[in-house]
Amino acid sequence: MLILYHLLATLIFIFFFPFSYLLKNRNRFTERLGLDLSNINQSRAGRVWVHALSVGEVLSAIPLLETLKNEHPSREIVLSVKTATGLDIAQKKLTDTVSCVLPMPLDFWWSARRLIKNINPIIFILVETDIWPGLISLLKKRGIKTVLVNGRLSPHTAKSYRRWRFFIKRVLKMFELLLMQTEIDKRRIMKGGLGPDKIKVTGNIKFDKPWRPLNDKERDEWLNLFNLKNMLIWVAGSTHYPEEKIIFSVFRQLSKSFFDLSLIIGPREADRFDEVYNLAKDYGLKAIRRTQLSAYKPAIAPITSSVGAEKLGRGGRPGNRICNVVILNTLGELGQVYGLADIAFVGGSLAPKGGHNLLEPAVFGIPVLFGPHTYNFLTLSELMVKYKGGKIVSDESELLNAMSELLAQKSKREEMGKRAKEFVEQNQGALARVMEIIAPYIKMSKV
């Protein structure tokens with residue numbers, strides 16, 4: 001079956017590559033073929049190879065990577081990433097943690113074999129999702145263990161696993177271990193045909209990210225950068241189409257009653273930054289891009305404009321402000337910007353995208369609102385509601401009502417935020433469990 005997979009993957013590649021090469025970025029195709037591996041020292045053996053799909057998985061992997069480096073300093077760590085945006089984040093955030101960041105090539109035998117030979121790993125660790133059948137089969141043939149860490153399965157993926165059970169079962173059996181976030185994830189992956197002996201529930205390592213609150217100086221720098229001192233701030237992060245339409249509509253209605261309210265909105269996809277900016281203008285909102293404010297790093301500097309305007313304090317009028325909406329058109333800053341919020345909304349949840357990380361705002365002790373489509377974080381969202389640190393809003397009307405209630409009642413905001421932070425603190429410990437399980441595989445070979 002896997003021989004057939006390699007054959008089909010190669011034939012598809014041969015057929016489509018010439019057209020794609022001519023139509024798309026040629027450098028990107030060189031990366032996806034695994035041709036440029038010059039920054040890997042081939043003589044070094046016994047590396048730890050970690051793979052993350054995109055931005056979310058890269059951020060999830062940070063505490064794991066840092067712990068691996070601290071507990072196994074003699075091991076080189078190589079991180080591979082599939083998407084261009086995820087690669088960009090990894091290169092900016094992890095240069096001091098990993099020895100090398102690589103784009104993951106296409107999953108056909110030639111590129112996979114070349115990558116394995118150059119990395120020469122002792123173990124291959126997949127973070128959350130993104131299973132590569134061809135690569136894993138070649139690793140197993142060489143006696144290299146593959147472990148899934150922080151594994152999760154959406155209902156859609158679980159359904160696909162059941163449909164293709166005859167193939168998926170063979171792929172899953174090649175894993176040494178699958179460390180899943182929840183019992184629900186465990187049951188779902190078992191429906192792919194795998195027995196319980198290789199599956200363990202270890203929890204979600206995202207809880208163990210070394211969260212650091214903004215100190216007063218950092219917060220003041222960010223607020224001065226955005227010109228939002230003494231404002232009520234709503235941060236809507238990781239949004240998808242058409243969530244921005246709902247958010248802008250709600251914000252416009254709220255602004256009639258809450259004159260000191262500002263919105264920072266961070267679209268999930270970088271190629272939609274301009275689209276969301278233009279949409280804000282269509283709704284009659286005064287919007288500005290984050291990159292128009294100052295240098296990339298926050299600094300104490302007021303917003304300037306050729307129009308000139310007064311800064312709005314609480315109780316002021318929106319007509320006197322340069323902008324009341326900031327489009328966060330940068331990568332990697334959302335996790336800090338949540339720390340400025342009085343209320344957060346996490347996107348991908350009103351749109352049926354499966355949701356995004358609810359912990360990023362919760363750790364700052366602020367109320368977390370999200371839609372009903374959180375199947376990628378089902379247990380996380382259910383527990384957030386149970387702890388009363390978050391609330392599900394099913395549509396525009398419910399989002400408007402929830403925002404109005406929280407904006408009007410500071411004590412309710414603070415209590416809900418306190419519970420959100422407690423939720424994070426009381427669910428930590430997954431990373432220690434994961435490290436205890438994978439440590440023997442890392443120590444089994446000499447460096």
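The following conversation walks through a predicted model, from its seven-stranded sheet to its helix pairs and a second group of strands.

Colleague: Which strands stand at the edges of the open sheet?
Modeller: Seven strands form this open sheet, with parallel pairing, and their order is E3-E2-E1-E4-E5-E6-E7. A strand at the edge has a single partner strand, so one side of it is left without a neighbour in the sheet. From one strand to the next, the twist averages 20 degrees. The strands at the edges are E3 (100–103) and E7 (199–201).

Colleague: Which residue in E2 stands opposite Trp 49?
Modeller: Strand E1 covers residues 47–52 and strand E2 covers residues 77–81, and the two pair in the parallel sense over five bridges. Within this pairing, the residue opposite Trp 49 is Val 78.

Colleague: What angle does the direction of helix H9 make with that of E7?
Modeller: Two helices that pack on the sheet can be taken in turn, beginning with H6 (residues 133–141), which touches E1, E4 and E5 and whose direction makes about 150 degrees with that of E4. Helix H9 (residues 183–190) also packs on the sheet, where it touches E5, E6 and E7. The direction of H9 makes an angle with that of E7 of about 165 degrees.

Colleague: How do helices H7 and H8 stand to each other, roughly parallel or roughly perpendicular?
Modeller: The axes of H7 (residues 155–163) and H8 (residues 165–172) come within 5 Å and cross at roughly 100 degrees. Angles from 65 to 115 degrees count as roughly perpendicular. That crossing angle therefore makes H7, relative to H8, roughly perpendicular.

Colleague: How many charged residues are in the contact of H7 with H8?
Modeller: On the H7 side the residues are Tyr 161, Arg 162 and Arg 163, and they meet Arg 165, Phe 166 and Ile 168 in H8. By class, the contact has three nonpolar residues and no polar ones, and the number of charged residues is three.

Colleague: Which residues in H17 do those of H16 meet?
Modeller: Helix H16 (residues 396–408) packs against helix H17 (residues 410–425) at about 105 degrees with their axes 5 Å apart, which means that H16 is roughly perpendicular to H17. The contact has four nonpolar, no polar and four charged residues. From H16, Glu 405, Leu 406, Leu 407 and Ala 408 take part, and in H17 they meet Lys 410, Lys 412, Arg 413 and Met 416.

Colleague: Is Ile 40 buried or exposed?
Modeller: Ile 40 lies in the loop between helix H2 (26–32) and E1. Leaving aside neighbours within four places in sequence, Ile 40 is in contact with Arg 47, Cys 100, Leu 102, Asn 118 and Ile 119. Its relative accessible area is 8%, and a residue counts as buried under 20%. Ile 40 is therefore buried.

Colleague: How many residues of strand E9 are buried?
Modeller: Leu 261, Leu 263, Ile 265 and Pro 267 point one way from E9, while Ser 262, Ile 264 and Gly 266 point the other way, and all are buried. For E9 (residues 261–267), the number of buried residues is thus seven of seven.

Colleague: What is the handedness of the crossover from E8 to E9?
Modeller: Strand E8 (residues 232–239) and E9 pair in the parallel sense over seven bridges, and the bridge partner of Gly 237 in E9 is Gly 266. Between these two strands the chain passes through helix H11 (residues 243–254), and this β-α-β crossover is right-handed.

Note on methods
Residues numbered from 1 in each chain as written. Predicted model: local features only at pLDDT ≥ 70, side-chain atom pairs only at ≥ 80, totals over all residues. Heavy atoms only, no water. Pairing = 2+ DSSP bridges. Helix = DSSP H or I, 4+ residues; strand = E, 2+ residues; numbered from the N terminus. Axes fitted to C-alpha atoms, helices over the stretch in contact; angles between N-to-C directions. Contact = heavy atoms within 4.5 Å. Parallel < 35°, antiparallel > 145°, perpendicular 65-115°, else oblique. Nonpolar A, V, L, I, M, F, W, Y, C, P; charged D, E, K, R; others polar. Buried < 20%, exposed > 50% of the residue type's maximum accessible area, 1.4 Å probe, protein only. Right-handed = clockwise from strand over helix to strand, strands pointing away.
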